[in-house]
Amino acid sequence: MTTVLFPGSFDPFTDGHEAVVRRILPLFDRVVIAVGVNSDKRCTFSPPDRVARIRARFAGCDKVEVLSYDGMTVDLCHQVGAQAIVRGIRGAEDIEYERLIATVNRRLDPAIETLFVLADDEHRNISSTLEREKMLHPSHS
């Protein structure tokens, strides 16, 4: 069984995130969406709320599992049996940041590959920050 991990803070999980998952679903037997808990980062939505919202988006899709975690992403890969990590790339601004994270993960475990999925054109300008602002201030959307 091939398992891939899609980690992120997902505060909130956007249509762009969902599009990445829908595109990778045919490639893997199991997609684990991992909501990262970082005590240094102030999130608007609690981890249980973020997990519940994502689960609702994928209700009925038995290939998708959603959980929250803290700690190292590579350690979670070992726990869930993931062979790879998937990261979405919206544009050039994301590449260097994601490359650095992928390099660290590869040093921690060279057997776990990081795969980059380029965002569809319609999702390139979607960010959790903008979506969060729309949710918090709906009259200004």
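The buried residues of helix 3 are covered by elements that include strand 1 (3-8), strand 2 (30-36), strand 3, strand 4 (84-89) and helix 4 (92-108). The model described here is a predicted one. Within helix 3, the buried positions are Thr73, Val74, Leu76, Cys77 and Val80. Viewed down the axis of helix 3, these buried residues fall within an arc of 155°, so they line one face of the helix. The general geometry of helices bears on this pattern: an α-helix has 3.6 residues a turn, so residues three or four places apart point the same way.

Thr73 belongs to helix 3. The relative accessible area of Thr73 is 16%, and this residue counts as buried because the value is under the 20% limit. Leaving aside residues up to four places away in sequence, Thr73 touches Leu5, Pro7 and Ile85. At the other end of the helix, the residue that follows helix 3 is Gly81, with a positive phi near 75°.

The loop between strand 3 (64-69) and helix 3 (73-80) contains Met72. Which class of exposure does Met72 fall into at 41% relative accessibility? Met72 counts as partly exposed, because 41% lies between the limits of 20% for buried and 50% for exposed residues. Together with Val104 and Leu108, Met72 forms a nonpolar patch on the surface, and the accessible area of the three residues together is about 260 Å².

A further feature of the model is its aromatic content. The structure holds three aromatic pairs, among them the two tabulated here.

| Pair | Arrangement | Centre to centre | Angle between planes |
|---|---|---|---|
| Phe6 and Phe10 | tilted | 5.2 Å | 55° |
| Phe10 and Phe13 | edge-to-face | 5.1 Å | 65° |

The pair of Phe6 and Phe10 is classed as tilted because its angle of 55° between the planes lies between the limits of 30 and 60 degrees. The pair of Phe10 and Phe13 is edge-to-face because its planes, at 65°, are over 60 degrees apart.

The rings in these pairs belong to buried residues. Phe6 is buried, with a relative accessible area of 3%, and Phe10 is likewise buried, with a value of 3%. Phe13 is also buried, its relative accessible area being 7%. How many residues make up the aromatic cluster that includes Phe58? The cluster has four members, namely Phe6, Phe10, Phe13 and Phe58.

Definitions and conventions. Residues are numbered from 1 along each chain as its sequence is written. This is a predicted model: local features need pLDDT of at least 70, side-chain atom pairs count only at pLDDT 80 or more; totals for chains, interfaces and linings use all residues. Side-chain values use heavy atoms; hydrogens and water are left out. Patches are made of residues with over 30% relative accessible area and no salt bridge: like charges are joined within 9 Å, nonpolar side chains (Val, Leu, Ile, Met, Phe, Trp, Tyr) within 5 Å. Accessible areas come from the Shrake-Rupley method with a 1.4 Å probe; for residues, only the protein chains shown count as cover. A salt bridge is a side-chain nitrogen of Lys or Arg within 4 Å of a carboxyl oxygen of Asp or Glu. Helices (H or I, at least four residues) and strands (E, at least two) are DSSP runs, numbered from the N terminus. Buried means under 20% relative accessible area, exposed over 50%, partly exposed in between (1.4 Å probe, protein chains only). The arc is that of the directions from the helix axis to the C-beta atoms. Contact means heavy atoms within 4.5 Å. Rings of Phe, Tyr and Trp (its six-membered ring) pair if their centres lie within 6.5 Å; planes under 30 degrees apart count as stacked, over 60 as edge-to-face and the rest as tilted.
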